[in-house]
Amino acid sequence: MTSGAPTGLSTTRGDLRRNFWRGVWRVLRRKPSRLLGVALMLMFVVMATAGPMLYQRPLPRDPDNFFAPPSLQHPFGTDFQGVDVLSLVVVGSRYVLLTAFITAVITVVLGTGIGLFAGFRRGRLDAVLMRITDINLTIPGLPILLVLSTVWQFASPWEMGLVLGLLGWGALARAVRSQTLSLRERGFIEAARGLGLSTPHIVFRELLPPIAPYIAMNLLMSLILAVWAQVGLFFLGVMPVIGENWGVMLNRAVFDFGAMTTAARLPYMLAPLLALLLLTVAIVLVVDAMDEVFNPRLREE
Amino acid sequence: MISGTGIVKTFRQRGDVLGKNEVKALRGVDFTIPEGGAISFIGESGCGKTTLGRIIAGLETHDEGEITIGGVAMSSLRTRAQQPHFRRIQLIHQDPYSALNPTRTVHQALHDPLKLRARETGRSSQWIYERAEELLGLVGLDPGYVLPRYPHQLSGGMRQRVVIARALTVDPDVLVADEAVSMIDVSLRLGILRLLRDLREQLGVSLLYITHDVATARYIGADGDMYVIYRGQVVESGPTETIINQPVHPYTQSLLSAIPVLYGVEQPGAEQVTPIDSLTTAAVGETVDDAGCLFAPRCPFRTERCTRERPVLGDAVPALQDAEGRVHACFHPIERQVAATSVQAP
Amino acid sequence: MTLATAAHAPEGGTTAPAVRIRDLTVVYKTPAGELPAVSEIDMDLPAGTITGLVGESGSGKSTLALSLLNAVQPPGRISSGTVEIDGLGDVVPLQGDKLRRVRGGQIGYVFQAAQNSLNPLKTVGKQLLDLGRSHDVDDLRALVSEAKELLGRMGLDGARVLDSYQHELSGGMRQRVGIMLALVLNAHVVVLDEPTTALDMITQANILEIIRNIHAERGLTTLVITHDIGVVAEVADQLAVMYGGRIVERGPVRSVLGEPRHPYTQGLIRAIPRLTGDIDQARALPGRPPTLGTIPERGCVFRDRCELRMSVCDTVEPVLERHADQLVACHAVAGQEPDGGAPTDDGQEQT
């Protein structure tokens, strides 16, 4: 219990940040599965950002080698044009992950913002925002996407992410609002108000951190939802079957080339499925650590 | 100086137009917090003492009456203009566990209000750090140990001290302590009470202490006034020692009689008063608001007049006021010795 | 060893059972290994008395009380010792159905914050019937009338309370319901954990009076656990003071309060502000109570806050020794009074 010198105090903020990351590392180390999750996530991020740059476009075809079985050269075989399936998965990951990321960001920003604002302000504004949220929750997403797909090609992940994000923020807004409602009655919020601290300070410094684990978990869960939603839409053929996307691969494999019945064509279907599975597992494993990462008590212990 | 006159607060349920479920939390309360003085509000849970404390700290609105802070009548100001005045009155919460944000360190908790203060007074950021250390030293904590820690790493007593230090960041004129020690370990309580007393001496800050525990109120402000509140009305007020040693209102006497006696060290007061059990009268007395004295349904000394007429605190009736600055709301004021006294050790 | 003169003689044929706790140790599993919350406690609850157990948070008082029901929850467990209750024998080895019957049936427990321990979705009457069924009570009608009588005894309208949900009752009423549920199956050992915390003074006085009266009427052996010495002073015959998982002093209430011997007991009593007399008589106890992780492994648990600390306190744990009416575990007190029993007869030299 050494008494801190005054000069030591100015570094407190830096110390805090360092302690936070040390705490995060401690939380991750607590279970090896979490480290695996983070490693997998990093792998997918690298795959989506740097991966497509590794391949020349269009992807090289091997016309003599349709649906080649897995080999060292083609770990997952080749597709109907003789294109390496692994390269298709890598190139397709960018669309999938970017869309998921955009969806998640829109969901979190809208959901958190609206939830915080409504819960903190209460009153008439709260009522209006919550009605809008209810409408958002009741919008039938699939029919809207069907209609939109007749107008839009969804060739860009931005379009896809925007639509999925705008359709999906309602649940988070509700959850954040109810959290805010219970937190704003807590002593520390009242104390902050009594001390004359500004509303932005109260909302972002006092309210947001305790809600952070919920938001982080929701962010990750909406990533999963966005991945499966878009892949599902392409797979079902709701969206035009063009572009580089795992859903497109699955659609072709199953509906055009009978991967379900022909053993030789199975790798073409299994490769994107495996990627989806690993991505989902990675997210689920990381979600497990979120509560502890954002809760100082759990982080330190 | 802070004073209030005729403070009325009624809680209504939403959509309750007819006022069927309204709760009269405060029925016209007057009080004065002298500069550098200490006063206490005493009463059972639900008597309105906490609501009054929150109104004084500007955390709750009132329906009628006037609060004057440093000579400025709050009703003359808009809500926004009231805020700087109410900021001079800081509330110390009962629960030190919820009064600190669990995700923020003590340093962060003190830094933000101090930064605001520094900006207002044009001080440097170095001052913020020095002031944070100074305040923690003032409340008896070791800054080097406490500053980088999160609330969960501190004991209840330390947390309450941090809460007090945080309230001091704005250089308040008044600290409102609402049951400030009830959630703290017994061996540490007196330390917090002592701290509040010391702060009053050292900084000249006034104290408003809200509690159901008369003995702690005496410890904090033996030289100040005590206000005994029953169902939203002050039934007796005056100098603390007078109220404890010569109470005249049967409710005050009941409250004092209910305090556990440390047999072996103390002996019970000679004329203890046991109120009629509130639960047996709940059906008649507590919910119906008839014309009589509010305490009459539970009062062992009530007369026919008490059920008909309501006594008013320090009314024109001369019997209701006596020389020592004590006022009471009772038609039959009789001094009774109810407080426990020490037994001299053999 | 029994210090008591049974102050409240039980009436009628049923005699209150005595409880004997011997060498009881309860440990909690933590990342730092198994740490004792209660260490090697010997204590008697003499038949027909009210014993007050005083301690701060983390002193192990609630853990000790739960041990009477053999209800310590994981990560805690009773690692050694016995809890013998007259007519039941040792409850520590009891398990499963048998244990369940003993709880509630012979030992009644009023939980800490009984105000919040009722099921919010069921009426009190429904919960009473559940309790009856789980203890195979044949005559539920009699159970209900017994409950009504008990509630009536405590100043409540029994029929109305049984039809009420938790939220329709005030704090004092819920506490009474808690006492009723603990007693309705005719338990004769009753444990009340913080029976008046969060109640205001007048309600507290009412509840304490009820505890006293019911105790005398029904011939009970009662244990009241609290952090408030005043509460114990009002109701108990015997007082035990716990600190850091040990009993540091016990004896008849008035002797302990009037002439406390252990420095901790002295400090606690001195730290209570009084209504009369010199205000500055009240003085704070320095330091803070230990937590599970900071209880020292060797020596006296209180030494860090003790004015009378000696070098022996660092290494040898004091044992309870008789001083007049009281048992005190303190080296300094043992040294003051040469007649106070021999120093520890041990081979525990300093290592």
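The domain assignment divides chain B of this predicted model into domain 1, covering 1-88 + 172-242, domain 2, covering 97-168, and domain 3, covering 246-342. Domain 1 of chain B is thus assigned from two segments of the chain.

Let me turn to how domains 1 and 2 of chain B meet. Their C-alpha centres lie 25 Å apart. To the contact, domain 1 of chain B gives 10 residues and domain 2 of chain B gives 9 residues. On the domain 1 side, the largest share, 4 residues, belongs to helix α7 of chain B, residues 186-203. That side of domain 1 of chain B comprises 8 nonpolar, 1 polar and 1 charged residues.

Next, the sheet. In chain B, 4 strands form an open sheet in the order β2-β1-β4-β5, with antiparallel pairing. At the edges are β2 (23-33) and β5 (72-73) of chain B, each of which pairs on one side only. Between them, strand β1 (residues 2-11) of chain B pairs with strand β4 (residues 64-69) of chain B over 5 bridges, in the antiparallel sense. As a point of register, T68(B) in β4(B) stands opposite S3(B). Helix α1 of chain B, residues 49-56, lies across β1, β2 and β4 of chain B. Relative to β1(B), helix α1 of chain B runs at about 120°.

I now come to a pair of helices. Helix α3 (residues 106-121) of chain B packs with helix α6 (residues 156-168) of chain B at an angle of about 15°, and their axes are 9 Å apart. Because the angle is under 35 degrees, α3(B) is roughly parallel to α6(B). The crossing of α3(B) with α6(B) is right-handed. Which residues meet here? From α3(B) there are V106(B), A109(B), L110(B) and P113(B), and from α6(B) there are V162(B), A165(B) and R166(B). By class, this contact of α3(B) with α6(B) holds 6 nonpolar residues, no polar residues and 1 charged residue.

Finally, the contact between the chains. Here 34 residues of chain B are in contact with 26 residues of chain A. On the chain B side, the elements giving two or more residues are β6 (89-92), α3, α4 (125-138) and α5 (143-146). Which element of chain B provides the largest share of the side that touches chain A? That element is α3(B), with 4 residues. The side of chain B that touches chain A has 15 nonpolar, 11 polar and 8 charged residues. Helix α3 of chain B therefore appears twice in this account: packed with α6(B), and touching chain A.

Key. Residues numbered from 1 in each chain as written. Chains lettered and ligands numbered in written order. Predicted model: local features only at pLDDT ≥ 70, side-chain atom pairs only at ≥ 80, totals over all residues. Axes fitted to C-alpha atoms, helices over the stretch in contact; angles between N-to-C directions. Parallel < 35°, antiparallel > 145°, perpendicular 65-115°, else oblique. Left-handed = near helix turned anticlockwise from the far one by under 90°. Contact = placed C-beta atoms within 7 Å. Nonpolar A, V, L, I, M, F, W, Y, C, P; charged D, E, K, R; others polar. Pairing = 2+ DSSP bridges. Domains from an automatic or database assignment.
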